[in-house]
Structures are given as C-alpha cells and as structure tokens.
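Student: I would like a close look at one part of this model. Please keep it brisk and stay with the contacts.

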Amino acid sequence: MTLVRERRHQEPLTLSIPPLIYHGTAFSVASSSSSSPETSPIQTLNDLEKLSVLGQGSGGTVYKTRHRRTKTLYALKVLRPNLNTTVTVEADILKRIESSFIIKCYAVFVSLYDLCFVMELMEKGSLHDALLAQQVFSEPMVSSLANRILQGLRYLQKMGIVHGDIKPSNLLINKKGEVKIADFGASRIVAGGDYGSNGTCAYMSPERVDLEKWGFGGEVGFAGDVWSLGVVVLECYIGRYPLTKVGDKPDWATLFCAICCNEKVDIPVSCSLEFRDFVGRCLEKDWRKRDTVEELLRHSFVKNR
Ligand SMILES: Nc1ncnc2c1ncn2[C@@H]1O[C@H](COP(=O)(O)OP(=O)(O)OP(=O)(O)O)[C@@H](O)[C@H]1O
C-alpha cells in the first residue's frame with residue numbers, strides 16, 4: 001500500500017493524446033437543462049477537444065478539454081472499467097449530486113470499453129498538489145477548508161452517500177481557490193447498510209482497518225469520512241502525512257499501528273486549542289464516540305468560516 005503518493009503526471013500536452021471519437025451512449029446529469037454556458041449539456045464527446053493531461057488515477061486518466069463551439073473548458077475523466085471496478089456506482093452517484101461543495105459532473109458517456117465523466121474543471125489541481133507546492137497551510141486556511149469539506153459531507157450524508165476516500169488528491173481546487181470533494185470511485189450509497197472496502201489505506205478509519213477491534217455498524221460509514229477529514233486537515237497544517245513519524249516505512253504494518261494502536265496523534269504545540277480539540281474529535285478511534293458531521297459544523301474551529 002502506498003502511503004506517500006507519487007505526484008500526478010501533469011506534464012504539458014504532447015502530440016500523442018488520441019482525439020475524441022466516440023460512439024457510446026450518453027446521459028446527462030445534474031442540472032444539464034440549465035441554459036447558462038457553464039451548465040449547457042454536452043451532446044456527444046466529439047463536442048470536446050482534448051488539450052492536455054491533468055492527472056492519472058488508478059483507474060484512468062483525466063484530461064483538460066474544450067467544448068468546440070462554446071469554448072468552455074471541462075475536465076474529462078476516462079475510466080476503463082473491468083469486472084472489479086465500481087465505476088458504475090460512481091456514475092450513479094454523480095448523477096444524483098448537485099452541490100457547490102462537490103465537483104459537478106455535466107455528463108457521463110458509457111461504452112463497452114470505457115466510461116467518461118465530463119466534469120467541472122478545477123484549475124488549481126488537487127490539495128495534494130497544493131501541499132507539495134506550499135508545504136503547509138495556516139490555521140485559518142485549514143479552518144475554511146474543513147468547513148467546506150464538512151458542508152460537502154453533510155450534503156452527501158443527506159443523500160445517503162458515504163464518500164469512502166477523502167484524501168488530498170480527491171479534494172480539488174478551482175480558480176477562485178474553492179475546494180470541492182471529487183472522485184466517488186470508492187463511494188457507497190448506504191441505504192442498505194452496504195459499505196465497501198475500497199479507498200486509500202492511509203486515510204482509513206480504525207473501524208475500516210481493524211473490523212474486529214473497533215466494530216462496525218449501520219451508520220458507521222459516515223464516521224469513516226470524518227476520520228479521513230481529521231487526517232487531511234492535520235496533514236495540511238503540518239505539511240506531511242500526520243499519523244506516522246518522519247522516516248517510518250510507509251508499509252501496511254506501520255499504518256495499521258498508526259491508525260489502530262497508537263494512543264495519541266502528535267499534534268504540534270503551535271496549534272490553537274480550538275484546532276487541537278477539532279482534530280481530536282475527528283480522530284477519535286472509537287467511531288461511536290467520534291463527532292458527527294453536524295457536531296463538527298457547530299465546532300468553534302469551523303463555525304462561521
Ligand atoms: N475535475 C478536475 N479538474 C482538474 N483536475 C482534475 C479533475 N479531476 C481529477 N483531476 C486531476 O487528475 C488526478 C487524477 O484524478 P483521479 O480522480 O482519476 O484519481 P485520484 O483520485 O487522484 O487517484 P485514485 O484514482 O488512485 O484514487 C487528480 O489527482 C487531479 O490532479
């Protein structure tokens with residue numbers, strides 16, 4: 001399991017990107033009936049021209065594209081589904097979502113060979129990239145980031161959706177500097193109590209890593225997203241993955257101990273009491289005692305941000 005993720009492939013466009021010639025079926029999602037250029041429906045993938053590669057995920061590639069007629073820019077995520085992937089769940093979830101705290105998906109195109117999501121372009125890349133470039137975030141920045149993620153999680157929770165993979169590379173930033181939740185590849189609609197084991201180990205909660213010790217129950221999936229939020233905000237503040245020590249081997253055993261066994265997370269002395277308390281509530285090992293999204297939204301660290 002990789003703890004420290006490699007920087008995404010973000011090199012400028014080369015001539016080798018294949019053009020978009022598409023014969024699959026399409027369905028529009030969210031508010032595609034709106035007439036504003038930002039939300040105008042894309043009839044076919046052939047309406048878009050590829051400009052560059054924005055990044056690479058485990059299941060596919062994300063391209064920067066431009067609508068040939070309107071010149072609007074979009075991100076296009078091309079996934080190659082196989083029997084083990086959950087991309088149809090991702091498409092199903094994206095169809096339902098309409099929130100300013102979550103990345104917007106304008107259309108999904110399906111064929112035998114791939115699944116393409118036409119998404120809002122987040123010009124400033126991911127929080128992972130920002131961390132690599134900026135090293136650390138100030139407390140006020142972390143506070144407004146936490147507020148936005150919590151509002152996104154509140155929306156998802158109301159829709160019965162557990163994100164399941166909150167981490168810096170799934171939090172994207174637009175040109176206004178707004179952070180939005182992306183990538184529903186590990187997500188679940190939990191109406192039936194179903195909760196999968198996909199996701200990124202380093203950000204997983206104790207109850208997902210060690211089922212026997214920390215137990216598991218109906219609503220618990222939402223608590224896992226809260227834990228991941230706690231890891232992300234602390235990582236933004238200290239500029240590195242916070243649950244292990246500098247020099248620790250980023251392997252499964254180290255992570256397991258860090259997440260499930262270590263008594264206390266090292267929180268820098270420079271943190272305000274409010275921040276310390278907020279992180280402590282997110283990183284409570286017992287999910288039954290962990291604060292909920294609603295409780296955290298009322299916490300003084302994020303309130304009114
Ligand atoms: N809408 C978008 N706008 C701008 N860049 C994006 C967008 N979506 C994804 N990216 C970039 O592409 C990268 C890959 O995204 P993708 O969702 O495929 O994988 P990931 O979440 O980074 O990794 P994994 O699939 O392994 O969890 C992101 O890290 C980000 O840098």
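Which side chain does K104 meet in a salt bridge? Please start there, then follow the salt bridges to the boundary between the domains and on to the core.

Tutor: The model is predicted. K104 meets E98 in a salt bridge, at 3.4 Å from N to O. The two partners differ in burial. K104 has 14% relative accessibility, so it counts as buried, the cut-off being under 20%. E98 has 41% relative accessibility and therefore counts as partly exposed.

This pair belongs to a wider set: the structure holds eleven salt bridges. Take E120 and K180 next. Their side chains meet in a salt bridge with 2.7 Å from N to O. E120 sits in strand β6 (residues 115–120) and K180 in strand β9 (residues 179–181), so the salt bridge ties together parts that lie 60 residues apart in sequence. Both ends are shielded: E120 is buried, and K180 is buried as well.

Now place that pair on the domain map. The domain assignment gives domain 1 (45–120) and domain 2 (125–304). In the contact, 16 residues come from domain 1 and 19 residues from domain 2. The size of an interface is often given as the accessible area lost when the parts come together. Here the area buried between domain 1 and domain 2 is about 1600 Å². Carbon and sulfur atoms give 64% of that area.

The polar side of the boundary can be counted too. Two salt bridges run between domain 1 and domain 2. Six residue pairs are in polar contact between the two domains, with both residues at pLDDT 80 or more. On the side of domain 1 that touches domain 2, helix α1 (residues 87–96) gives the most, with six residues.

Another salt bridge joins E207 and R290, at 2.9 Å from N to O. This pair also links distant parts of the chain. E207 is in helix α4 (residues 206–209), while R290 is in the loop between α8 (273–282) and α9 (293–297), 83 residues apart. Relative accessibility is 1% for E207, so E207 counts as buried. R290 has a relative accessible area of 4%, so R290 is buried too.

Elsewhere, charged side chains form a linked group. D277, R281 and D291 are joined in a network of salt bridges.

Next comes the nonpolar packing. The largest nonpolar core has 64 residues. Within this core, F117, F184 and F278 touch the most other members. Helix α6 (residues 220–238) gives the most to this core, with nine residues. The core also draws on both domains, taking at least three residues from each of domain 1 (45–120) and domain 2 (125–304).

F278 shows the packing in detail. Leaving out residues up to four places away in sequence, F278 touches A146, L150, L229, V233, L296, H299, F301 and V302. Apart from the largest core lies another core, of 13 residues. Its members include V53, L76, F109 and C116.

To return to your starting point, the K104 and E98 pair joins a buried lysine to a partly exposed glutamate. In the E120 and K180 pair, by contrast, both residues are buried.

Key: Residues are numbered from 1 along each chain as its sequence is written. This is a predicted model: local features need pLDDT of at least 70, side-chain atom pairs count only at pLDDT 80 or more; totals for chains, interfaces and linings use all residues. Side-chain values use heavy atoms; hydrogens and water are left out. A nonpolar core is a set of buried Ala, Val, Leu, Ile, Met, Phe, Trp, Tyr and Cys residues joined through side-chain atoms within 4.5 Å. Buried means under 20% relative accessible area, exposed over 50%, partly exposed in between (1.4 Å probe, protein chains only). Helices (H or I, at least four residues) and strands (E, at least two) are DSSP runs, numbered from the N terminus. Domain bounds come from an automatic or database domain assignment. Contact means heavy atoms within 4.5 Å. Buried area is the accessible area (1.4 Å probe) that two parts lose on being put together, summed over both. A salt bridge is a side-chain nitrogen of Lys or Arg within 4 Å of a carboxyl oxygen of Asp or Glu. A polar contact is a pair of N or O atoms within 3.5 Å; within protein, one must be able to donate a hydrogen and the other to accept it, and residues adjacent in sequence count only if both atoms are side-chain atoms.
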